[in-house]
Amino acid sequence: MEFPPVENGVDYLLSVVDHLAGDGPPSPRDLKYAVLHLQAAAEVLLKARLQREHWSLVFKDPGTATRSRFDSADFESCTTDAAVDRLKHIAGIPIDDKAGKALKVLAKSRNALQHYGLTAPARAVEARAAEVLDFLLTFLHDHLLPHLTEQENQRINADLNDVREGVQEIQSFIAQRGKHLRGELHDLGYQTVECPSCGEWALPLGDTQTPNCRFCHESWASPTIAAAYYVRAQYGDQETLLAGQCPQCAEPALLLDKARVAAEPTQPRSLCFHCGSSFDRLVECTGCAALTMPRQSGLCEDCLQDPIRPFELKGRRP
Ligand SMILES: [Zn+2]
Ligand SMILES: [Zn+2]
Ligand SMILES: [Zn+2]
């Protein structure tokens with residue numbers, strides 16, 4: 001082959017780093033080429049490893065693969081998503097969920113970019129891109145470089161060093177802003193979630209009716225719209241919104257058992273996107289069926305204060 005895939009992939013990575021590194025937010029044009037070339041790098045590098053497993057695996061449908069079509073590059077190849085699946089399940093290469101998710105978001109950004117132009121805020125794209133860059137560098141190192149000849153390694157070495165330096169620069173910049181933010185959001189730990197747009201723990205809820213991310217400055221028109229985006233980013237497109245009425249503010253903006261907050265990132269809780277109250281466990285009131293904190297009486301605060309209330313409510317039911 002004239003231009004081997006790994007060399008090709010490293011060349012794309014170098015372009016990505018060139019577009020993203022440097023002071024200040026990247027320009028729209030820089031972002032555009034960073035996303036396009038990052039997606040190209042991911043595709044080339046993942047498929048280079050897949051091809052080592054077996055050449056038929058880069059076909060969209062490996063069942064129809066023939067060697068002659070492979071050799072003449074006359075075939076439809078698999079998507080990045082499929083490549084990730086096959087690397088995990090056929091080649092046995094561990095790709096963690098975070099990296100898998102970042103790759104999916106990247107593929108979506110690339111498609112959106114081609115149809116509508118880039119709509120996500122610059123900082124969000126940059127943060128996601130840094131995750132993918134980091135993953136691809138490790139992937140290269142662990143799964144591709146060991147299989148190259150000395151000569152091939154030498155040919156990409158200088159470029160690869162430039163990529164590493166660039167990625168470090170981008171990451172340290174993001175880490176620096178992260179540190180600053182953690183100070184700013186310190187007291188809001190139980191009402192701050194991962195931003196659906198950039199993936200940073202930088203979206204505090206309850207302080208405004210147009211929630212906005214302190215890291216990438218993406219904002220949403222209402223708490224329930226932010227909740228819908230949050231669920232989709234965390235659990236995928238198929239997930240439906242499990243919203244309930246908040247025991248604190250009574251708005252129907254409670255995300256039931258599905259929110260993770262910065263103060264307790266591993267334990268899903270219920271969180272109101274309207275007032276920012278979060279609850280580790282809620283039960284149905286035995287009087288009126290509203291969600292409430294667990295109490296010995298089984299009743300919510302309203303029913304406790306007014307014991308006639310449940311009967312009135314029942315009497316009014318058709
Ligand atoms: Zn954000
Ligand atoms: Zn609330
Ligand atoms: Zn009640």
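The following paragraphs lead through a zinc site, a set of paired strands and a buried arginine. The model is predicted, so that local features need pLDDT of at least 70 and side-chain atom pairs count only at pLDDT 80 or more, while totals for chains, interfaces and linings use all residues. Residues are numbered from 1 along each chain as its sequence is written, ligands are numbered from 1 in the order in which they are written, and side-chain values use heavy atoms, without hydrogens and water.

The zinc ion (ligand 1) has as protein donors the SG atoms of Cys-195, Cys-198, Cys-213 and Cys-216, lying 2.3 Å from it; donors are N, O and S atoms within 2.8 Å of the metal (3.2 Å for Na, K and Ca), and water is not among the atoms, so sites may look incomplete. Along the chain these donors follow the spacing C-x2-C-x14-C-x2-C. The 4 donor atoms subtend angles of 107 to 112°, and the arrangement is therefore tetrahedral (four donors with all angles between 85 and 135 degrees). Cys-213 counts as buried because its relative accessibility is 0%, and Cys-216, at 3%, is buried as well (under 20% relative accessible area, 1.4 Å probe, protein chains only).

Further along are strands (DSSP E runs of at least two residues, numbered from the N terminus). S4 (residues 254-261) pairs in the antiparallel sense with S3 (residues 243-244) over 2 bridges; pairing requires at least two DSSP bridges. S4 also pairs in the antiparallel sense with S5 (residues 264-272). Leu-255 of S4 stands opposite Ala-243 and has Leu-271 as its bridge partner in S5.

Arg-86 is buried yet has no salt bridge (a side-chain nitrogen of Lys or Arg within 4 Å of a carboxyl oxygen of Asp or Glu).

Notes:
Buried means under 20% relative accessible area, exposed over 50%, partly exposed in between (1.4 Å probe, protein chains only). Lys and Arg count as positive and Asp and Glu as negative; His and the chain ends are not counted. Four donors count as tetrahedral if all angles lie between 85 and 135 degrees; four count as square planar and six as octahedral if opposite donors are over 155 degrees apart and all others between 65 and 115; anything else is irregular. Helices (H or I, at least four residues) and strands (E, at least two) are DSSP runs, numbered from the N terminus.
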